[in-house]
Amino acid sequence: MGMAVSSWRLANAVARTGQLGVVSGVALDSVLTRRLQDGDAGGHIRRALAAFPVPALVGPVLERYFQAEGRAEGEPYLPVPKLSLKPTREQQELSVLGNFTEVWLAKEGHTGIVGINYMEKVQMATPPAALGAMLAGVDYVLMGAGIPRQIPHLLDELAAGRVGTIDIDVHGAEADAVHTVSVDPVDVLGLTPETFPPLLRPFFLAIVSAHVLAFYLARDADIRPDGFIIEGPTAGGHNAPPRGRLTLDDDDQPIYGPRDDANIVKIAELGLPFWLAGGYGQPERLAVALAAGAQGVQVGTLFALSQESGLAPELRDQVLGRLDATELSIRTDAAASPTGFPFKVAQLPGTLSEPAVYADRVRLCDLSYLREPYAKKDGTVGFRCPSEPVHMYVRKGGTAEDAAGRACLCNALTATVGLGQTRKTGYVEAPLLTLGNDIDGAAVLLAAHPEGWSAADAIGWLLRDAPVSPTAS
C-alpha cells in the first residue's frame with residue numbers, strides 16, 4: 001500500500017467494520033514531521049502526540065517541526081536523521097513517535113483491531129518503529145520483502161521492556177561479522193524499569209510467496225510467526241522475484257510460472273492461520289480463499305483507491321478516470337525498486353512511470369530508507385543505493401548496470417500521498433503509484449459508486465456472499 005497510502009484514516013475505517021485495518025509502517029518519522037510542517041489540518045497529529053505516555057519527547061518535535069500556518073509555497077521540508085547502524089537518539093525518538101501516532105489514530109474511537117506493515121528490507125528502522133507501534137497498542141505486525149525470522153523475538157523483548165535487537169545484513173561483510181541495531185525501550189523513553197508501561201505483544205504475520213519459506217519459519221519456535229500472508233505475484237507493491245533465473249518478456253516484465261505458485265494445501269497442513277493476497281479483491285476470489293482453508297484475504301487496490309486512503313486526490317481521480325483495462329496499464333517493473341525486487345507501477349501521466357518525467361529528475365538519495373549497508377575495503381560499513389547518482393553508486397562498489405532504470409521510491413512514494421519534497425531549485429518530486437494487476441473489482445465498485453467508494457463499501461461488497469465474517473485488510 002505504499003508509504004502512508006494505507007493511512008490511519010483507512011485503517012481506522014476498516015477496523016470499524018470488524019476487519020483488520022493495516023497501516024503502512026514505512027518512513028513514519030518523515031510522514032509525521034511533514035504533516036506537522038504542513039500545519040496538521042484538523043489537529044489529528046497533535047491530538048495523538050498529546051496521548052503519548054512521555055510528553056517530554058513530544059515538546060521538542062513540535063517546536064522544531066510544527067508550522068501552524070503550514071510551509072510557505074516552495075519551502076522545502078526539513079530533513080530527518082537518516083537510518084544508521086548507530087542511530088541517534090533523535091532518529092529513534094522520531095521513529096517511536098511516528099509509529100505511535102499512526103497506530104494511535106488508527107485505533108481511535110473503536111474497539112476493532114489494527115496492524116502495521118513493515119519491510120524486512122528496511123531493517124535499520126524496525127526496532128524503534130515496532131516499539132512506537134506497540135506503545136499505541138498495535139494488535140498485529142506484518143512483514144514481507146525478505147525473511148523476517150527475527151521479528152517474533154524482537155516483539156517478545158520489547159513487550160517485556162527489554163532491549164530489542166536485530167541483526168543487520170551488510171553486503172560483502174565477513175561471515176563472522178555481526179552488525180546490529182537495538183532500541184532500549186526504558187532508555188529511549190527516559191523511564192525506569194519500574195515506570196515502563198506494560199505492552200501488548202502483537203501477533204506477527206509473515207508475508208511470504210513460497211511454501212518452502214513458510215515451512216522454514218514454522219519449524220522453529222524461536223522464529224515461528226503466528227500466521228502467514230501468502231502473496232502472489234499479481235499483488236501491488238513489491239513482489240518476490242520469480243524462482244530461478246530472472247527472465248523478462250517482450251515488455252521487460254518478469255515471467256512467473258507454476259514454480260512461483262505457493263502450495264496452499266501444504267501451507268494449510270502447517271496448522272497456522274493464513275490469508276491469501278494478490279488477485280483476491282473480488283467476492284468470488286474470497287470464496288476461493290476460504291475454501292482453501294484461509295482465514296480471509298489481504299486486499300490492497302480496492303482500498304488504495306477508496307475515499308479514506310492517503311493517496312493524493314488528483315492521482316485517485318486519474319486512476320478512476322482510467323479504470324478500464326484498455327486505459328490503465330500496470331507493469332511489473334523489474335528495475336524500478338532499489339531493493340532489487342520487482343515492483344508494480346501504474347502507468348500514469350505526470351508520474352515517474354513516464355520516461356520524460358523520470359529523465360527530468362536529478363538523481364539523489366536524501367531520505368535513504370532503502371539504502372544498503374555494505375562492507376568497505378577498510379572494514380568499515382558504508383551505505384549505497386542504486387537510485388543515487390550513478391557515479392557515486394559505482395564509486396561505492398555498485399555497477400552502472402544495476403543502477404539503470406532505478407527510481408527513488410522513497411521520494412516518489414511520499415509525493416504519492418501529497419508529501420513530496422520541494423527542492424531549492426524549485427523542482428517538486430514526482431509521484432509513482434503502485435497498484436495490483438487485478439483492477440476488475442475496482443471497476444465494479446466504480447460502476448456502483450460513480451463518485452467513489454468508501455472502505456466500508458468495499459468490505460460490504462467483498463463479504464456479500466461470505467458465509468462467515470472472515471478478516472480482510
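Here are some exercises with worked solutions on a predicted model.

**Exercise 1. Two helices that meet**

Work out how helix α4 and helix α5 are oriented to each other, and which residues join them.

*Solution.* Start by finding the two helices: α4 covers residues 55-65 and α5 covers residues 89-107. Next, take the angle between them, which is about 95°, with the axes 11 Å apart. Angles of 65 to 115 degrees count as roughly perpendicular, and α4 and α5 therefore fall in that group. Now look at who makes the contact. From α4 come Leu57, Val58, Val61, Arg64 and Tyr65, and from α5 come Glu90, Glu93, Leu94 and Leu97. Last, sort these residues by class: the contact has 6 nonpolar and 3 charged residues, and no polar ones.

**Exercise 2. A helix and its surroundings**

Decide whether helix α7 is largely enclosed or not, and say what covers its buried residues.

*Solution.* Helix α7 runs over residues 151-159, and a residue is called buried when its relative accessible area is under 20%. By that test, Ile151, Pro152, Leu154, Leu155, Glu157, Leu158 and Ala159 are buried. That makes 7 of the 9 residues, so α7 is largely enclosed by the rest of the structure. The cover includes the helices α6 (126-135) and α8 (185-188). Strands take part too, among them β3 (140-144), β4 (164-167), β5 (180-183) and β6 (203-208). To finish, step past the end of the helix: Gly161 follows α7 and has a positive phi, near 80°.

**Exercise 3. Space inside**

Find out how many cavities of 30 Å³ or more there are, and describe what lines the largest cavity.

*Solution.* A helpful idea comes first: rolling a probe the size of a water molecule over the atoms shows where empty space is left. A search of the whole structure gives 3 cavities of 30 Å³ or more. The largest cavity holds about 120 Å³ of space. It is lined by 16 residues, and Gly25, Val26, Ala27, Ala125 and Ala129 are the closest to its centre. At least two lining residues come from each of α2, α5, β2 (113-119) and α6. The biggest share is that of α5, with 3 residues. Sorted by class, the lining has 10 nonpolar, 5 polar and 1 charged residues.

Now pick out Ala27, one of the residues closest to the centre of the largest cavity. Ala27 sits in the loop between β1 (20-24) and α2. Its relative accessible area is 6%, so Ala27 is buried. The phi of Ala27 is near 60°, which is a positive value in a residue other than glycine.

**Exercise 4. An open space**

Describe the size and the lining of the second largest pocket.

*Solution.* The second largest pocket contains about 500 Å³ of space. Its lining is made of 26 residues, and those nearest its centre are Lys121, Thr339, Leu370, Glu372 and Pro373. Of the lining residues, 13 are nonpolar, 5 are polar and 8 are charged.

**Exercise 5. Four residues to place**

For Arg35, Ser368, Gly441 and Ser84, say where each lies and whether it is buried or partly exposed.

*Solution.* Take them one by one.

- Arg35 belongs to helix α2 (residues 28-37). Its relative accessibility is 18%, so Arg35 counts as buried. Beyond its close neighbours in sequence, up to four places away, Arg35 touches Ala4, Ser7, Trp8, Asp40, Ile45, Glu102 and Leu419.
- Ser368 is part of the loop between α14 (355-360) and β12 (372-375). With 3% relative accessibility, Ser368 is counted as buried. Ser368 has a positive phi, near 70°, and is not a glycine.
- Gly441 is in helix α18 (residues 440-448). At a relative accessible area of 1%, Gly441 is buried. Setting aside neighbours within four places in sequence, Gly441 contacts Gly281, Gln282, Leu302 and Trp461. Gly271 is 170 residues from Gly441 in sequence, and their C-alpha atoms are 31 Å apart.
- Ser84 lies in the loop between α4 and α5. Its relative accessibility is 22%, so Ser84 counts as partly exposed. Not counting residues up to four places away in sequence, Ser84 touches Met124, Val181 and Phe383. Ala375 is 291 residues away from Ser84 along the chain, with 14 Å between their C-alpha atoms.

Note on methods. Residues numbered from 1 in each chain as written. Predicted model: local features only at pLDDT ≥ 70, side-chain atom pairs only at ≥ 80, totals over all residues. Heavy atoms only, no water. Axes fitted to C-alpha atoms, helices over the stretch in contact; angles between N-to-C directions. Helix = DSSP H or I, 4+ residues; strand = E, 2+ residues; numbered from the N terminus. Parallel < 35°, antiparallel > 145°, perpendicular 65-115°, else oblique. Contact = heavy atoms within 4.5 Å. Nonpolar A, V, L, I, M, F, W, Y, C, P; charged D, E, K, R; others polar. 1 Å grid on protein atoms, 1.4 Å probe; cavity = no way out; pocket = protein on both sides within 12 Å on 5 of 7 lines; lining within 4 Å. Points joined across faces, edges and corners; volume = space filled by probe spheres on them. Buried < 20%, exposed > 50% of the residue type's maximum accessible area, 1.4 Å probe, protein only.
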